[in-house]
Amino acid sequence: MVSVKAFKPGGKPEQAEDRVREADHPSSQVAVFGTDQPLKLDCGVDLAPFQIAYQTYGTLNADKSNAILICHALTGDQHVANVHPVTGKPGWWQTLVGPGKPLDPERYFIICSNVLGGCMGSTGPSSTNPATGKLWGLDFPVITIPDMVRAQAMLVERLGIEKLFCVVGGSMGGMQVLQWSVAFPERVFSALAVACAPRHSAQNIAFHELGRQAVMADPDWLHGRYYDEGVRPHRGLAVARMAAHITYLSDAALHRKFGRRMQDRDLPTFSFDADFQVESYLRYQGSSFVDRFDANSYLYLTRAMDYFDIAADHDGVLARAFRGTKTRFCVVSFTSDWLFPTSESRAIVHALNAGGARVSFAEIETDKGHDAFLLDVPEFIDIARAFLQAADKANGLARKER
Amino acid sequence: MTVQESLPFEASTVMKCYRADHLLVADMVESGSKVLDVGCGEGDLLQLLESRGVDGRGIELSREGVNRCVARGLAVVQGDADTDLAEYPDDAFDYVILSQTLQATRQPRVVLEHLLRIGRRAIVSFPNFGYVNMRLQLLIHGQMPRTENLPATWYDTPNIHFCTIKDFVGLCDEINVKMERAVALDRHGRPLRLNAPWWFWNLFGEQGVFLLSRAEKKPDSTHAA
């Protein structure tokens, strides 16, 4: 019989417990919006009360003109430049954020909030539903990227900021950047949208469906009520993460990192054990993910991305969404990103040009795939820095003229 | 799509860091206007224009060029003059500039028509193939001309549509374009004397710089963009 060593993701139960606590009581600042300030969701539901967890770095200046909002990606969170309270790992965008980096807290007031539907302190399926006293689970309404952005806008308003100097994000974060510039053009001075798209492609929806089905196929998912039974669909979520993780890389990067090399052995074991390094790596990625992320959140957030289509909200014409915008845009894509390929960024740029917007667009050559926006890619970092510096200069001039 | 890496600049020019032809082009642009530089290279001209209060945008074919421009804080996108100009709406700019790029496009006439559709005015500069050194190389050596500013051999040049100043004037007439200003520059980038006849410019101009606008439509015009 062929040996199959069981793949058991989720080896750190104490982390999972920390994560569960973070959902309602995050190690972050929290903005609570009461029943008097409901969030009007695209699905028709008024969500109230709800809360948004957020981190800030740096100091807001006197005329409140130095605020930057960072929008995180699908499985990111608000811990952009500090040690993560659950994993203990450094912030996820330290290549871009920090002293001497393009987004420097010495100069800017940087805000990053956990998205609506997330599981790190903003209201989502793993938060407590005040109406029942139980966790929301699938009773949580289906949310969209515009809903997330509306919630962020309420937070920014709560912080007393009329206009953001810049909104920055990659992947799902980039979608939020675009949505910000479309929904609140007068509140966004500049926008840096990285490795994203104006709509989620059929292929990407397909990958998301694969991930969701993996979660739902786990017997421990229990139609989303796993919280009540003290179990977690960690196997399904790990598989979803493994599949997704492949889409974040590139063939070239996988070959460079792993090739066909074996994991701690010289010969194949003639089993379904993780013989290859790439298998071992993927298992690790799946395994480490399930302790810090909620499976239901994964369903809701992937769904929000699927629904994203700016043009559809503007009579099918993307350019119409950006008409007359005064926001300064920088769009960046990566050559080996096949999840959000350059053609998607180009569609954004064409629409911006047609709308008369001021836009820079650079395609960065790298074999690091979609994940490149999170990694140390000097050319990208240089461009982000230059774009912000130029925008900063123009922002200063604009304020002087006022 | 920058064909010439750098033109020798006029030694007596006050702003030594800028190319003479760029300064000439920049002088043709009114301050405060909105400009698209097609084939903007590494953004030297755009930067000069922005320093003069112009709202400048650029298109550049080479990824390296684009990234250099964006890193300089310029609003430049990666694109191809032959294919991407069609996506710009009418009257989007006050000026559209095509500096040393016309001869490298696949369809110079279509590109020229787009320039004057997108912009109310166009500024076009190009190397003059009627320049005396060019003619002599072909006449005496019987070989495709190569100059300091156009050093590429015939088999690896990006320049596929060379023309003379006279040819260009002919095209402008044909597609009903009005020449508001024309300047021929010598090989040092200095303007030739203004009152010289066309044949003189065509023979001694190393490059031509033209400020164009849309002419009143002729009744028999068949080439409206």
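**Figure 1. Where helix 2 of chain A meets helix 3 of chain A.** In this predicted model, Ile145(A), Pro146(A), Met148(A), Val149(A), Gln152(A), Ala153(A) and Val156(A) from helix 2 meet Met172(A), Met175(A), Gln176(A), Gln179(A) and Trp180(A) from helix 3; contact here means heavy atoms within 4.5 Å. Helix 2 covers residues 145-158 and helix 3 residues 172-183, and their axes come within 9 Å and cross at roughly 70 degrees. Helices (H or I, at least four residues) and strands (E, at least two) are DSSP runs, numbered from the N terminus. Axes are lines fitted to C-alpha atoms, for helices over the stretch in contact, with angles from 0 to 180 degrees between N-to-C directions. That makes the two helices roughly perpendicular to each other, a label for angles of 65 to 115 degrees. Helix 2 passes helix 3 in a right-handed crossing, meaning that the near helix is turned clockwise from the far one by less than a right angle.

**Figure 2. Asp371(A), buried without a salt bridge.** Look for Asp371(A) in the loop between strand 10 (358-364) and helix 12 (378-401) of chain A. Asp371(A) is buried, and the nearest side chain of opposite charge, Arg241(A), sits 6.6 Å away. Buried is under 20% relative accessible area, exposed over 50% and partly exposed in between (1.4 Å probe, protein chains only). A salt bridge needs a side-chain nitrogen of Lys or Arg within 4 Å of a carboxyl oxygen of Asp or Glu. For charge, Lys and Arg count as positive and Asp and Glu as negative, while His and the chain ends are not counted. Leaving out residues up to four places away in sequence, Asp371(A) touches His245(A), Tyr248(A) and Leu249(A).

**Figure 3. Backbone oddities in loops of chain A.** Most residues other than glycine have a negative phi, and most peptide bonds are trans. The bond from Ala48(A) to Pro49(A), though, is cis, with omega near -10 degrees; Pro49(A) is in the loop between strand 3 (46-47) and strand 4 (50-57). Lys64(A), in the loop between strand 4 and strand 5 (67-71), has a positive phi near 55 degrees and is partly exposed at 35% relative accessible area. Asp315(A) also has a positive phi, about 55 degrees; Asp315(A) lies between helix 9 (295-307) and helix 10 (318-321) and is exposed at 63%.

**Notes on the views.** Residues are numbered from 1 along each chain as its sequence is written, and chains are lettered from A in the order in which they are written. Local features need pLDDT of at least 70 and side-chain atom pairs pLDDT 80 or more, and side-chain values use heavy atoms, without hydrogens or water.

Methods:
Parallel < 35°, antiparallel > 145°, perpendicular 65-115°, else oblique.
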